[in-house]
Amino acid sequence: MRAPLSWLRDYAPLDATVERLIEILSELGLVVEGVEHVGQGLADVVVARVLDIRPHPDADRIRLVDVDPGDGGPLQIVCGAWNFAVGDLVPLAPVGAVLPGDFAIAKRKMRGQVSHGMLCSAVELELPEPDGGADGLMILPPGLAPPGTPLAEALGIEADVVFDLDITPNRPDALCMAGVARDLAAALGEAWHWPFGPDGPPAEPAVGTAPIVVQSGDLCPRFTGTVIEGVPDGPSPDWLARRLTLAGMRPISAAVDVSNYVMLDLGQPNHAYDLDRLGGGGILVRRGHVGEVLTTLDDVERRLGPDDCVICDGDGAPVGVGGIMGGASAEVGPTTGRILLECAWFEPTAIARTGNRLGLYSEARTRFERGVDPEIASRAAERFCALLGSLPGGDRLRRGPLNDIREHALPSAHRITLRTDRVNALLGVRLDDEVIGGLLGPLGFELTAVAGGFEVVVPTWRLEVDREIDLVEEVARMWGYHRIERTVPAGSGRRTGGLDARQRERRHIRRVLTGAGLDEAWTTTFLGPGDLERASLEPGAVQVENPLDRSESLLRPSLLPGLLKALRFNVDRQLEDLALFEIGRVFAPPGEGRILPDESEHLAVAVLPPPGSTPTAAVRSAVRAWQWLATALRLEEPALEASPVPGLHPGRSARLRAGATVVGEVGEVDPSVGPAYGLSGRVGWLRISLDDLAAAARRPGRAVEVSRYPAADFDLAFVTTDDIPAARLLDTVRAAGGDLLEDLTLFDVYRGERLGEGRRSVALRARFRALDRTLSDSELSSLRDRLIGAAAGLGAELRA
Amino acid sequence: MTDITTTAKELLEAGRARLAAAADLDRFVEAEREILGKKSALAALNSRLRDLTPEGRRVAGEAIKAARDALAEEAARLRSDLTERHRRDRLAAERMDLTELSSAPPGPVLDWSGRGTGHLHLVTSTRDELEDTFVAMGFTVAEGPEAETDRYNFEALNMPPDHPARGMWDTLYLHLGDPGQVLLRTHTSPVQVRLMESGQLPIYAVMPGRCYRRDTPDARHLPVFHQIEGLVVDRAITFGDLAGVIEAFTTAFFGPGMHSRLRPSFFPFTEPSAEFEVTCPICAGAGCRTCSNSGWIELGGCGMVDPNVFEAVGIDPEEYSGFAFGFGIDRLAQVRSSLSDMRALLDNDVRFLSQF
């Protein structure tokens, strides 16, 4: 909300500097988002008349201008603007003037010619630019004022400050000048008072009332109507138009402006109907009918329903959505002679419901859904009549009595018990009753001392304050958050911080992978509808009901598409040699009888070696990443099992196991998927489910004694058919080696014509060692035979 | 006349045979061009039409078109078969025994790369640092689902349906359950509710995690972002404790000489509520562009847990009190690293990733 300081000062002197007021507003929770200084820096600027324009003898782009600054002149000014002519009135900043932004004007020479000041543009004076936003000087209307008149006086500008306040939803009372001023006055220890008395035109029974029938009292507990005759039809006077403009509203006509003014001043949204255009000459308030349609003032057709409070004319035809927006039919206009003024109170939750359903926002809705003072209506009507009557042409204005229809109970002033101990216990302060009373009283709370605290009556403009905790907050706010001593929680004294196993493991994984040279990526959770097919993933992903963009309409069931897009992003920028990993949540549709998606946390690795790398480089990197992780995470019996995996190359993919637990898969991205994402190279892929990993068996952290005796190594090359996985050969041989086999690794694979189609030689290195002795030749020889024998059981022959 | 129709039929049969005989994709493409291309015998037939009577032209024209369409359809079918066979052959030829790789000793993971160590994402390293700071202050780290029910994201946090404060968050809903029932969490507060519901008191925990809002991305906002919240529930916890913890965190995380201040604000789930600001980490309070010359930057929100929230999770607000706080991890990372556009966090440009 924009609050001009001059307007706030209607209610209290607010005797403090602007800087201090900003500080206080922030400390009160009325956050100042911006401060606008209006009409400052104009003090020395005067109106001047252009007498003569001459070329500068030594410059092309600036000219010499003689002006009359009020003493007849001529005064020579050097000027670079070209949009004015002899006889024009323009603003002059004479030598010694200080313009906005602390820009001091001095006498200076420009290319040998003296300039006795500066002719100004609107921008330089921080004034609104004239229509069309002319380039150059601000040209004043002819005959505006004689030369020498201070510009501010000529334009009727008073220096002012406008605070742009961010009012939180719990402070509907601060959505008006009266409310903001009340907080400020209380904080400054100043008295706050209504700036006007009952000085409006008296209610004349002869003017009469319009019939008002409220059928939906639960939605509209209070509806007041006031008939006003002799409405002035001119524009608003300058002071009113200026206040509205500063507060961010456009002046339109006297009746509309007064309506807006009263809302901004007192917080009561109101509506002026042209009584002579109101069918039946009255108002009916009822629930909407199914299928009923109303065109609101913003020219949109609104479909109403039985949850909505509809304002109708006396004939039952809708003229407005109650408390949110009027319709066009009975809107006041230049020909309006008689007004029916509505000041009502609507049920906040009903307003919110209707507003949400219609997607309709308005100043009125904002106030009503947060809670308007239910008792302010009559004062607002008074104020409306008094203001309108005080305008030019308002002397003919007459008003009828307030027709105050209350078909339903209004919220009554809350009574709350406030315990002093509770205040001190929650805030960590030691305030006595006198201090608490002094903080709450000026805000309008009525306090009666009772044992241990107060009985508090809440003012009707603070109805959202309905619990003790709300009063505790008010005490804290008025005392000042910064005055509350900062302490360390004593609590019950039992606390130990730390990360849990999953959190530690996640960090461990990140350390291993970054240590291996991979960069961590973070991709969006959303996929587009084509992504599943493009990445050859199984169909079926959780859909977003209201995505901002269709490309973000699915929750990812896999990290694959996101990482492929990340690779592509880099390739498009000529970045090669890419190795990314990501840890993030993926989503599957909920299981039977559940509504939340099946959410799990995945680790994925995607590597794209640079062009020219060997065709197996990508998949080898992925397998190695798995080996590194399996070692680092102490997985028990890590293993690969060839298996097709959606999205991966069917001949180069494998499930990953830790013991009996499947934890993920490794391989190469299907050669048709990469190109679908604009990638021409082979992409290595590793995926591990952190949830499954949590269930995997780990090697115990128990120390295994290491032998001090020498080792004996021998190499064995076995020829096997391709259908026996190398891992199976190693497992078989390892089992045969028993406890004395310290290590067994594959160090070479050979395929060639000599071996025949579908066969290969797998070279293994076995290392034997005993804990308690040096192994003898005969022992080693029989161990070697055992290994060969076990391999033979798989059909593997020792290669000569 | 009839002879054009006959020729068309003959060309159709010959074409079929020719296409079917193509053994691989290259030869198929060649055959297709010869049969259906501009210089094909079928195309040449068209030029003979002009010598015919209008009726004859119609009949013959239809015959040519029928042959052409039949051949085109056949070609499309065969092409897709051949492409698929080609693909299968290639995949079969590339079949590898991956256990040959996994049975060898693991060499460098990226043996094709000359690079050094990799890099954690800026958001991760910031999150780790935050977690470590709070862990040192005696907090645990709690996590929860990113897809949540309305109850955990709003209702249990003192925001019943149609509560105007819900408008503070633009929510993404999922096509699950009843309309509006399942959503992507707009903050990590649902984890607080789950923690409190678990009934294990006292609670000293922080909850980092990914959150979602229906916001158009710009330099300072992403629709997918990360947040960290803190929750303390214990006996005799005060607002002064909240201010003290925020201050201790500020100094521990940002360094000595860095301070915090609280300003009244509103959140439906806390009361009293506050915004908290910290000394601008760019200028150390001297005033700069980042902090609009105020010397302070707004970091997040905080407050005392609202009694209604305690009641929703079955904790007696007369016996226990507590506070909560929260702020954006990405936003903090952005400020600390002077990152002008937050969208860079999602690009995963390796030149960006490798800076942190």
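In this predicted model, the largest nonpolar core holds 261 residues, and the members that touch the most others in it are Leu388(A), Val605(A), Ala606(A) and Ala622(A). Helix α16(A) gives the most to this core, with nine residues. Around Leu388(A), once neighbours within four places in sequence are left aside, the contacts are Ile228(A), Val231(A), Pro232(A), Ala254(A), Ala255(A), Val258(A), Gly394(A) and Leu397(A). A second core, separate from the largest one, has 29 residues, including Val47(A), Val67(A), Leu75(A) and Ala97(A).

**Chain A as a whole**

Chain A contains 20 helices and 40 strands. Of its 800 residues, 42% are buried. The radius of gyration of chain A is 41 Å, whereas a compact globule of 800 residues would have one near 28 Å. Along the principal axes, the C-alpha atoms of chain A fill a box of roughly 125 × 85 × 60 Å. When contacts in chain A between residues at least 6 apart in sequence are considered, 69% of them join residues at least 24 apart.

**The interface with chain B**

The interface brings 112 residues of chain A into contact with 97 residues of chain B. On the side of chain A that touches chain B, helix α16 (residues 617–632) gives the most, with ten residues. Helix α16(A) is thus a leading contributor in two places, since the largest nonpolar core also takes the most from α16(A). The make-up by class of the side of chain A that touches chain B is given below.

| Class, side of chain A touching chain B | Number |
|---|---|
| Nonpolar | 55 residues |
| Polar | 33 residues |
| Charged | 24 residues |

**A five-stranded sheet**

One open sheet in chain A has five strands in the order β5-β4-β3-β6-β11, with antiparallel pairing. The edges are taken by β5 (75–79) and β11 (117–119) of chain A; each has a single partner strand, so one side of each is left without a neighbour in the sheet. On average, and with direction ignored, neighbouring strands of this sheet are turned by 45° against each other.

At the β11(A) edge, the partner is strand β6 (residues 89–94) of chain A, which runs antiparallel to β11(A) and is joined to β11(A) by three bridges. Within this pair, Leu92(A) has Leu119(A) in β11(A) as its bridge partner.

How values were computed
Residues are numbered from 1 along each chain as its sequence is written. Chains are lettered from A and ligands numbered from 1 in the order in which they are written. This is a predicted model: local features need pLDDT of at least 70, side-chain atom pairs count only at pLDDT 80 or more; totals for chains, interfaces and linings use all residues. Helices (H or I, at least four residues) and strands (E, at least two) are DSSP runs, numbered from the N terminus. The radius of gyration is taken over C-alpha atoms; the globule rule is 2.2 Å times the number of residues to the power 0.38. A residue is buried if 20 or more other C-beta atoms lie within 10 Å of its own, exposed if 12 or fewer, and partly exposed in between; C-beta atoms are placed from the backbone. Two residues are in contact if their C-beta atoms, placed from the backbone, lie within 7 Å. Ala, Val, Leu, Ile, Met, Phe, Trp, Tyr, Cys and Pro count as nonpolar, Asp, Glu, Lys and Arg as charged, and the others, Gly among them, as polar. Two strands pair if DSSP finds at least two bridges between them. Axes are lines fitted to C-alpha atoms, for helices over the stretch in contact, and angles run from 0 to 180 degrees between N-to-C directions. A nonpolar core is a set of buried Ala, Val, Leu, Ile, Met, Phe, Trp, Tyr and Cys residues joined through C-beta atoms within 7 Å.
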